[in-house]
Amino acid sequence: MNRVINYDWKSVQALLAERFDLLLSLDKEHHACALANRIDAGEKKGFLLDKNGKIVPADRDAERKWLTGVFDDLMKANTKHYVEEIFEICGWQWSGEKYILEDYVVPALSFQKGFKPLIGLNTGAGSIWPTRIWPEKSWLDLIAKLQEREYQVLLLGGPDEHEKNLRLASMSGAYYEGQKTFKEFIGLMSPCDIVVTAVTMALHIAIALEKKIILLNNIFNRHEFYLYGLGTVIEPDVPCKACYKRAFDSRCAAPNCMELVSADAVIAEIKKLLHNPDIYIERR
């Protein structure tokens, strides 16, 4: 029997009353690991909490991923991508399996998709890692260059990006359909020909939908991302990439290295993906 259960107090109480054969705890977050500790299961894989409240690997299969999260030199030397690592933690071998996406809802659009490409721009990246967010002025520059080519532009984002997207839409004329439920957000991305995004949930949705992708990255190890041949990674030209910093500081090569990623660089990659549909560049 398969069930998808929302994470809330009632669900947690129900889970604590059940017995499971296998538990996969794949998120290195204290609350998730604490819950994994308490759930009754014959076998536990992934990450748990020790008696001092520290996150620890449940077994040897999770040790390598745990160590790359502790030691920067191991993290920067890592060449395994995230999907491969998840399979490894579970004790399995990744063999090219693709994402499985649940049913979603395609909302009615306030505009009609034309013959020109529809480019989805996911303008946020969450509040935990603000260093990975592309500046608004860069989004505006990209929108203008896309509109010069008569491409349609659709702004994407969640509650954190709502006000930003309203501003961008007002200043540029790009389409913005407002805040959506999770299933509607997936459906909103479904008509896009290309999605430009940072490392966030929209990236994984775009992969699952098999959309062409421009991934903007700076603070993470680019080897962690596997795009299934769907697109390319663009990064600033600085020596300190994969720093995992949550705030820029005096040791950074630039006050905000994401400002070094130009709209022209994104346009160039979009043109490659649109005009060479069977040819892609995984890394620049």
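**Questions about the cavities, cysteines and strands**

Guide: Let's start inside: the largest cavity is lined by N218, I219, C240, K241, C243, K245, F248, C252, A253, A254 and C257. This is a predicted model, where local features need pLDDT of at least 70 and side-chain atom pairs pLDDT 80 or more, while totals for chains, interfaces and linings use all residues. Residues are numbered from 1 along each chain as its sequence is written, and side-chain values use heavy atoms, without hydrogens and water.

Visitor: What makes a space a cavity, and how many are there of 30 Å³ or more?

Guide: On a 1 Å grid over the protein atoms alone, a cavity is a set of points where a 1.4 Å probe fits but cannot get out, and lining residues have an atom within 4 Å of a point. By this rule, there are two cavities of 30 Å³ or more. The largest holds about 70 Å³, and the second largest has about 30 Å³, the volume being the space filled by probe spheres set on grid points joined across faces, edges and corners.

Visitor: How do the residues lining the largest cavity divide into nonpolar, polar and charged?

Guide: Eight are nonpolar, one is polar and two are charged. Here Ala, Val, Leu, Ile, Met, Phe, Trp, Tyr, Cys and Pro count as nonpolar, Asp, Glu, Lys and Arg as charged, and the others, Gly among them, as polar. The second largest cavity has a lining of five nonpolar, four polar and one charged, with W134, W139 and R132 among its residues.

Visitor: Why is C240 not in a disulfide with C252?

Guide: A disulfide is a pair of cysteine sulfur atoms within 2.5 Å. The closest cysteine sulfur to that of C240 is in C252, 5.9 Å away, so this is too far for a bond. For C257, the nearest cysteine sulfur is that of C240, 6.3 Å away, and C257 is in no disulfide either. A search of the whole structure finds zero disulfides.

Visitor: Why is C257 called buried, but C240 partly exposed?

Guide: Buried means under 20% relative accessible area, exposed over 50%, and partly exposed in between (1.4 Å probe, protein chains only). C257 has 10%, so C257 is buried; C240 has 30%, so C240 is partly exposed.

Visitor: Is I219 buried or exposed, and where is I219 found?

Guide: I219 has a relative accessible area of 0%, so I219 is buried. Its place is the loop between β8 (212-216) and β9 (231-234).

Visitor: What is notable about the phi of E150 and of A242?

Guide: Phi is positive in both, though neither is glycine: near 65° for E150 and near 60° for A242. Most residues other than glycine have a negative phi. E150 lies in the loop between α6 (136-148) and β5 (152-156) and, at 55% relative accessibility, counts as exposed. A242 is in the loop between β9 and α10 (263-275) and, at 9%, counts as buried.

Visitor: How do you know that β1 and β2 pair?

Guide: Two strands pair if DSSP finds at least two bridges between them. Six bridges join β1 (residues 19-25) to β2 (residues 40-49), so these parallel strands pair. Within them, R19 stands opposite D40 in β2. Strands are DSSP runs of E of at least two residues and helices runs of H or I of at least four, numbered from the N terminus.

Methods:
1 Å grid on protein atoms, 1.4 Å probe; cavity = no way out; pocket = protein on both sides within 12 Å on 5 of 7 lines; lining within 4 Å.
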